[in-house]
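Work through these exercises with the sequence and the model side by side. Try each task before reading its solution.

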Amino acid sequence: MGAGGTCQRPTRKNGPVMVFNKIKGFDDISVAIGLNGSRQRVSQFLQCEPAKLGHLLKDSVENAISPTMVQGTAVCQEVVHLASDADFDLRKLLPAPTNTEEDAGPYITMGLCYASDPQTHESDITIHRLCVQSRDELSMWLTPGRHIDAFRMKAEAAGQPLPISISIGVDPAIEIAACFEPPTTPLGFNELSIAGALRGRAVEMVQCKTINEKAIAHAEIVIEGELVPNVRVREDQNTHTGRAMPEFPGYTGEAKEAIPVIKVKAVTHRTQPIWRTTVGPGEEHVNMAGIRPKRVFSIWWSAPCRANYSTSSPTRQAAANYWRYCNLRNLPLPMKAASARRRSWRSPLSRS
């Protein structure tokens with residue numbers, strides 16, 4: 001986008017925000033890209049100096065504000081489309097772009113996926129690769145170890161679907177917070193509480209219309225659905241290109257042979273909503289997932305975590321997750337983690 005045209009590409013460093021108001025086939029919806037494509041712009045959103053953004057994120061973990069519920073209907077539910085309607089079709093409702101000739105299909109790249117552990121009811125929010133497969137189905141690529149995949153496996157083992165909401169078009173604090181990963185946010189840590197700290201007030205949630213799950217109340221668009229147990233689909237089943245989509249590191253990813261399926265129950269949205277999208281590689285990815293203190297482990301090893309290490313199960317889980325990360329990538333274990341493990345009466349890995 002923008003290559004050889006009248007403006008800079010929104011994917012380049014300090015690229016512009018671009019909003020497309022005339023989308024072929026979609027009269028009442030706009031598309032925005034590049035919102036977080038500038039570190040300076042992100043610092044303005046979060047009201048923080050660019051050089052101190054990493055410290056702001058660290059502090060937000062330690063001063064988290066839990067999300068709250070709103071009663072009744074939220075702005076994200078002004079218009080409701082049910083999958084049971086005869087004319088329901090994701091491909092006609094949502095302007096999900098196909099960015100290259102090799103793409104497996106139209107992709108939702110800025111969908112904030114929210115689901116809960118079927119046993120503990122702890123919730124997680126994160127961004128995953130979603131491909132539109134049919135009128136009411138999405139494929140979902142879950143990299144191993146992601147928290148929603150852990151929830152999905154628990155539900156699947158019980159033969160149950162996992163309710164999931166996908167909120168699109170939210171404020172930058174939520175988009176950035178959703179990119180936190182272990183060891184900073186161990187299993188059971190709701191990243192929306194980090195967003196609450198970043199924005200200075202709790203993120204408001206609303207009960208979904210068709211599933212037993214919550215969605216972000218001020219989102220532009222919400223997709224409600226269920227991860228279906230024991231059902232898999234080839235990601236490029238409609239195109240057979242062998243490719244998925246442009247990835248953050250700069251290459252086009254391979255289509256996965258068998259990934260989970262979301263059966264969509266409804267789409268709700270504001271009147272004249274704005275669709276959010278991004279495409280890799282680009283500066284927007286860097287500013288969502290890459291603004292971190294130089295030593296990520298130091299976030300986990302903050303003073304409250306040190307004080308609570310002997311009694312805090314989530315903190316022990318964070319240590320376990322970090323050990324796995326180091327072992328999988330053949331990285332040397334940080335000294336503080338090693339000394340913590342020696343002080344522990346039991347290996348963190350044994351508590352996973």
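**Exercise 1: Strand β16 and its partners**

Strand β4 (residues 79-82) pairs with β16 in the antiparallel sense, over four bridges. Keep in mind that this is a predicted model.

Task: Find which residue of β16 is the bridge partner of H81, then work out how many bridges join β13 to β16.

Solution.
- Step 1. Start from β4. H81 has V267 as its bridge partner in β16.
- Step 2. Move to β13. Nine bridges join β13 to β16, and the two run antiparallel. Here I221 is bridged to H269 of β16.
- Step 3. Add β9. Its link to β16 is antiparallel too, with three bridges. S139 stands opposite V261 in β16.
- Step 4. Check the cover. Nine of the eleven residues of β16 are buried, so the strand is mostly covered.

**Exercise 2: Helix α4 and D124**

Task: List the buried residues of helix α4. Then find which side chain makes a polar contact with the side chain of D124.

Solution.
- Step 1. Take α4, residues 147-157. Its buried residues are H147, I148, D149, F151, R152, A155 and E156.
- Step 2. Look at what they pack against. The strands are β6, β7, β9 (137-141), β10 (162-168), β13 (221-233) and β16 (259-269).
- Step 3. Go to β7, where D124 lies. D124 has a relative accessible area of 3%, so it is buried.
- Step 4. List its contacts beyond four places in sequence. They include H147, I148 and F151, and also F189 and E191.
- Step 5. Pick out the polar one. The side chains of D124 and H147 make a polar contact at 3.2 Å.
- Step 6. Leave the helix. Just after α4, G159 takes a positive phi of about 75°.

**Exercise 3: The nonpolar cores**

Task: Which members of the largest nonpolar core touch the most other members?

Solution.
- Step 1. Recall the general trend. In soluble globular proteins, nonpolar side chains tend to be buried together.
- Step 2. Find the most connected members. The core has 37 residues, and L112, I174, L192 and I216 touch the most others.
- Step 3. Trace the suppliers. Elements giving at least two residues each include α2, β6 (111-116), α5 (172-177) and α6 (192-199).
- Step 4. Set the other core aside. Another core, of 30 residues, lies apart from this one; F151, L162, I221 and I262 are among its members.
- Step 5. Follow L112. Beyond four places in sequence, L112 touches residues including I125, I127, I166, V170, I174 and I216.
- Step 6. Look at α2 (residues 53-62). Its buried residues are L53, G54, L57, S60 and V61. Seen down the helix axis they fall within an arc of 120°, so they line one face of α2.

**Exercise 4: A three-stranded sheet and S38**

Task: Which strands stand at the edges of the open sheet? Is S38 buried or exposed?

Solution.
- Step 1. Write the strand order. It is β1-β2-β17, with mixed pairing.
- Step 2. Find the edges. β1 (18-20) and β17 (274-277) each have a single partner strand, so one side of each lacks a neighbour in the sheet.
- Step 3. Note the twist. It averages 25° from one strand to the next.
- Step 4. Check one pair. β2 and β17 are parallel, over four bridges. I33 stands opposite T277 in β17.
- Step 5. Step into the loop between β2 (30-33) and α1 (39-45), where S38 lies. S38 has 7% relative accessibility, so it counts as buried.
- Step 6. Place its side chain. It reaches the backbone nitrogen of Q40 at 3.2 Å. Beyond four places in sequence, S38 is in contact with N14 and N287.

Methods: Residues numbered from 1 in each chain as written. Predicted model: local features only at pLDDT ≥ 70, side-chain atom pairs only at ≥ 80, totals over all residues. Heavy atoms only, no water. Buried < 20%, exposed > 50% of the residue type's maximum accessible area, 1.4 Å probe, protein only. Arc of directions from axis to C-beta. Core = buried A, V, L, I, M, F, W, Y, C linked by side-chain atoms within 4.5 Å. Contact = heavy atoms within 4.5 Å. Polar contact = N/O pair within 3.5 Å; in protein donor to acceptor, adjacent residues only side chain to side chain. Pairing = 2+ DSSP bridges. Axes fitted to C-alpha atoms, helices over the stretch in contact; angles between N-to-C directions.
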